Every structure is written in C-alpha cells, then in structure tokens.
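Trainee: I should like to learn how a model of this kind is read, feature by feature. Where should one begin?

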Amino acid sequence: SQTLPRHFLPGTSLCPGLPERLRRELQRLAMESPAGRSDEEKMCGATVSVLAPRHRGHLVWMGGVVLAEMLQCDPGRWVSRDEWEREGVAAVVSRCAVQSATMQP
C-alpha cells in the first residue's frame with residue numbers, strides 16, 4: 001500500500017519486535033485477495049522480507065559522516081543554495097555528468 005510509509009515516525013523502527021510484526025502483517029496483507037484463489041496464486045511465489053539492520057539507529061550519523069567526507073575530499077560535488085535556486089536540477093545533473101565522464105576508464 002502506498003499509505004504504509006505514512007504510519008512510521010522517525011525512531012519507530014527501533015521499537016522492539018517491530019520488524020517481525022511488520023513482516024507478519026505484510027505477509028498477511030499479501031495473502032488477502034479475492035475469494036477462490038489458492039495461496040500460491042495470491043502470493044505468486046513471493047516472500048515478504050523486512051530489513052532491519054542492528055545499527056539502524058546510527059544510520060543518520062553514518063550518512064552525515066559520508067557527506068562530511070565528500071565535502072572535504074571533493075567540494076565541487078556540492079550545490080549551493082544559490083546555485084539550486086538559480087539552476088535547479090540542472091546544477092546537479094551537470095555535476096553528475098562531469099563526475100561520470102571523468103570516472104570512465
């Protein structure tokens with residue numbers, strides 16, 4: 001369902017037992033279908049997996065470290081607010097195109 005992400009607030013993924021409960025409920029929802037269909041037809045052989053890394057409480061900090069290192073190593077990848085307001089997505093695309101072209105063998 002497209003509404004599922006709206007039900008999670010920052011930090012709620014750390015609640016004890018949430019990953020297993022979410023997996024069970026998604027599995028149940030996936031099995032619900034119109035009457036007369038077999039279990040195999042309902043799921044089409046798919047399984048439900050919920051990824052919940054043990055260190056997920058630190059992922060925001062880890063991402064911040066990566067961003068800080070990028071800024072230190074290659075300030076040319078960053079788009080300033082003025083550039084964004086002036087050029088929009090084109091500012092990002094131009095940097096990606098330049099990085100991709102220079103990284104090819």
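**Reading the model**

Mentor: Read along the sequence, the chain follows the pattern α-α-α-α-α. In total there are five helices and zero strands. Please bear in mind throughout that this is a predicted model.

Trainee: What is the mean pLDDT of the chain, and which elements have the lowest and the highest values?

Mentor: The general idea comes first: where pLDDT is low, the predicted coordinates should not be read in detail. In this case the mean pLDDT of the chain is 75, with 68% of the residues reaching 70 or more. Among the elements, the lowest mean, 59, belongs to helix 2, and the highest, 93, to helix 4. Over residues 99–105 the pLDDT falls below 50, and this stretch has three contacts in the model beyond near neighbours in sequence.

Trainee: What share of the residues counts as buried?

Mentor: A residue is called buried when its relative accessible area is under 20%. Of the 105 residues in the chain, 9% count as buried. The chain exposes about 8900 Å², and carbon and sulfur atoms supply 61% of that area.

Trainee: How much of the contact count comes from residues far apart in sequence, 24 or more positions?

Mentor: Among contacts with a separation of 6 or more, residues 24 or more positions apart account for 30%. As a separate example of sequence distance set against spatial distance, consider H55 and L14: they are 41 residues apart along the chain, and their C-alpha atoms are separated by 9.7 Å. H55 lies in the loop between helix 2 (39–43) and helix 3 (59–73). With a relative accessible area of 37%, H55 is partly exposed.

Trainee: How many salt bridges does a search of the whole structure find?

Mentor: In general, side chains of opposite charge can pair when their charged atoms come close. Here the search finds four salt bridges. One of them joins the side chains of R23 and E20, at 2.8 Å from N to O. Another joins R21 and E25, at 2.6 Å from N to O.

Trainee: Where do these two pairs lie, and what is their spacing in sequence?

Mentor: R23 and E20 both lie in helix 1 (residues 18–31), three residues apart, which is about one turn of the helix. R21 and E25 also both lie in helix 1, four residues apart, again about one turn.

Trainee: Are the side chains of R23 and E20 to be described as buried, partly exposed or exposed?

Mentor: The class "partly exposed" covers relative accessible areas between the limits of 20% and 50%. R23, at 28%, is therefore partly exposed, and E20, at 38%, is partly exposed as well. In the other pair, R21 has a relative accessible area of 48% and E25 one of 32%, so R21 is partly exposed and E25 is partly exposed.

Trainee: Which residue forms a salt bridge with R86?

Mentor: R86 pairs with E87, and the closest N and O atoms are 3.7 Å apart. R86 is exposed, because its relative accessible area of 58% is over 50%. E87, at 39%, counts as partly exposed.

Trainee: Which residues make the nonpolar surface patch?

Mentor: The patch is made by V66, L67, M70, L71 and W78, and its area is about 430 Å². W78 is found in the loop between helix 3 and helix 4 (81–87). Its relative accessible area is 34%, so W78 is partly exposed.

Conventions: Residues numbered from 1 in each chain as written. Predicted model: local features only at pLDDT ≥ 70, side-chain atom pairs only at ≥ 80, totals over all residues. Heavy atoms only, no water. Buried < 20%, exposed > 50% of the residue type's maximum accessible area, 1.4 Å probe, protein only. Contact = heavy atoms within 4.5 Å. Areas by Shrake-Rupley, 256 points an atom, 1.4 Å probe, with all protein chains shown as cover. Patch = residues over 30% accessible without salt bridge, like charges linked within 9 Å, V, L, I, M, F, W, Y side chains within 5 Å. pLDDT = per-residue confidence, 0-100.
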